[in-house]
Amino acid sequence: MTDIDVSVGLAPTFESAQHIATAEKLGYRRAYLFDTPFEGDDVWLGLHRAAQMTSTIELGPGVLIPTQRHPLVNAAETVSLSKLAPGRIFSAFGTGFSSRAAIGQPPIRWAYMEAYMRAYQGLLAGEVVDWEGAPIKLMLTSHEADALPLRIPLLVSAIGPKGAAVAQRVAADGIISLFHVLPDQRRFPRAVVAVFGTVLEDNEQPADERVRLAVGPAWAGMFHFVYTGQGAAAVADMPGGTAWLEVIESIPERERHLHIHQGHMAEMNEADMAAWRAGGHVSIPSTTLTGSAEAIGKAVAAMAADGATEVMIQPSGPDISRELDAFIAAVRG
């Protein structure tokens, strides 16, 4: 049995609270909700729903995108969630690949990230902080004042040295990475590795329909990420990339980002399906954590040996309960 915390990351939907309740019953340590309002639901609303349906699992955003809310709003929502789930909440921040790209904007600069996180921490500490040239604070009523100061674990999603340096300066508890442990993560008490994939049944193949439904949306996210960050030439080198580009580049450039991120991490859009039908599914084993229960268990054990303290599965598809059950069974052996 691998000694590592097992967590889940989900898009905020009306059903996500029930999925988190299921995860709690299965033994998941934490649940994260994405900050993706372009898909129609709110991270804080989803976390509050989950708090009312659970009693032990830890809850928090994974991750908050600072430009989407004033720091007072995120601080107030944190206090509110803490009242519903005292002692089992955390917070996390990121520069916002999907949430920024989906509105046609670049990731947030790390200087702004640091200023925002410092303001957020100060507000939770009950301090007066300067924001946009004026002092602000959480002005709780007298019967709520004992909610502050509120100290909760803070995580930062960072894949490079700039982000790691900011995480250290704000005294973050850990860093969230994707698929692999980063050297900088080992300097923090918590090293969270986010993954997506599915546990294959006996004789199941990557091209099978259940696999497509379960992991296709997350697999397709690689096209979204590569095109946004590296451009068309990099996508063309990916299996199915040419077919994906034919759909996306037929759309006027001004609105292209809307079509790229349609269904992001939830379902496959027209371009994603074109890539899949063109044979792109051959990259499933190399771009997702998909394989037998034994193979996934060994992969997570290797992460733990490399310094990961937590693995976060980001399931998709129509049967989230099945994905949660199969993944934690694979990890626990």
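This note sets out, point by point, the main sheet of a predicted model and the helices and residues around it.

1. Basis of the note. Residues are numbered from 1 along each chain as its sequence is written, and side-chain values use heavy atoms, with hydrogens and water left out. Because the model is predicted, local features need pLDDT of at least 70 and side-chain atom pairs count only at pLDDT 80 or more, while totals for chains, interfaces and linings use all residues.

2. The sheet. Eight strands are arranged in an open sheet in the order 3-2-1-10-9-8-7-4, with parallel pairing. Strands and helices here are DSSP runs numbered from the N terminus (helices H or I, at least four residues; strands E, at least two), and two strands pair if DSSP finds at least two bridges between them. The edges are formed by strand 3 (58-61) and strand 4, each of which pairs on one side only. On average, neighbouring strands of this sheet are turned by 25° against each other, direction ignored; the axes behind such angles are lines fitted to C-alpha atoms, for helices over the stretch in contact, and angles run from 0 to 180 degrees between N-to-C directions.

3. Strand 9. All 6 of the 6 residues in strand 9 (residues 190-195) are buried, a term that means under 20% relative accessible area, as against exposed at over 50% and partly exposed in between (1.4 Å probe, protein chains only). Covering is found on both faces: R190, V192 and A194 lie on one side, and A191, V193 and V195 on the other. Strand 9 pairs in the parallel sense with strand 8 (residues 174-178) over 5 bridges, and with strand 10 (residues 310-313), again in the parallel sense, over 4 bridges. On the strand 8 side, G174 has R190 as its bridge partner. On the strand 10 side, V192 stands opposite E310 and V195 stands opposite I313.

4. Strand 8 and the loop that follows. Of the 5 residues of strand 8, 4 are buried. Strand 8 also pairs with strand 7, in the parallel sense, over 3 bridges, and V156 has I175 as its bridge partner there. The loop between strand 8 and strand 9 contains P189, which counts as exposed because its relative accessibility is 63%. Leaving out residues up to four places away in sequence, P189 touches D173 and T309, where contact means heavy atoms within 4.5 Å.

5. V311 in strand 10. V311 lies in strand 10 and counts as buried, at 0% relative accessibility. Apart from neighbours within four places in sequence, V311 is in contact with I4, D5, V6, S7, V193, V195, V300, M303 and F327. The C-alpha atoms of V311 and I136 are 37 Å apart, with their positions 175 residues apart in sequence.

6. S91 at an edge. S91 belongs to strand 4 (residues 91-93), one of the edge strands. S91 is nevertheless buried, with a relative accessible area of 1%. Beyond residues up to four places away in sequence, S91 touches P61, L64, Y120, I152, P153, L154 and L155.

7. Helix 6. The buried residues of helix 6 (residues 161-169) are G163, A164, V166 and A167. Seen down the helix axis, they fall within an arc of 160°, so they line one face of the helix; the arc is that of the directions from the helix axis to the C-beta atoms. These residues pack against helix 5 (110-124), strand 7 (154-157) and strand 8. The face turned away from the buried side carries the exposed residues P161 and K162. Just after helix 6, A171 takes a positive phi of about 60°.

8. Helices 13 and 14. The axes of helix 13 (residues 293-305) and helix 14 (residues 320-332) come within 7 Å and cross at roughly 65°. The crossing is right-handed, meaning that the near helix is turned clockwise from the far one by less than a right angle, whereas anticlockwise would be left-handed. Helix 13 contributes A293, I296, G297 and V300 to the contact, and helix 14 contributes F327, A330 and V331. These residues divide into 6 nonpolar, 1 polar and no charged, where Ala, Val, Leu, Ile, Met, Phe, Trp, Tyr, Cys and Pro count as nonpolar, Asp, Glu, Lys and Arg as charged, and the others, Gly among them, as polar.

9. Helix 2. Helix 2 (residues 43-53) lies across strand 2 (30-33) and strand 3, and runs at about 170° to strand 3.
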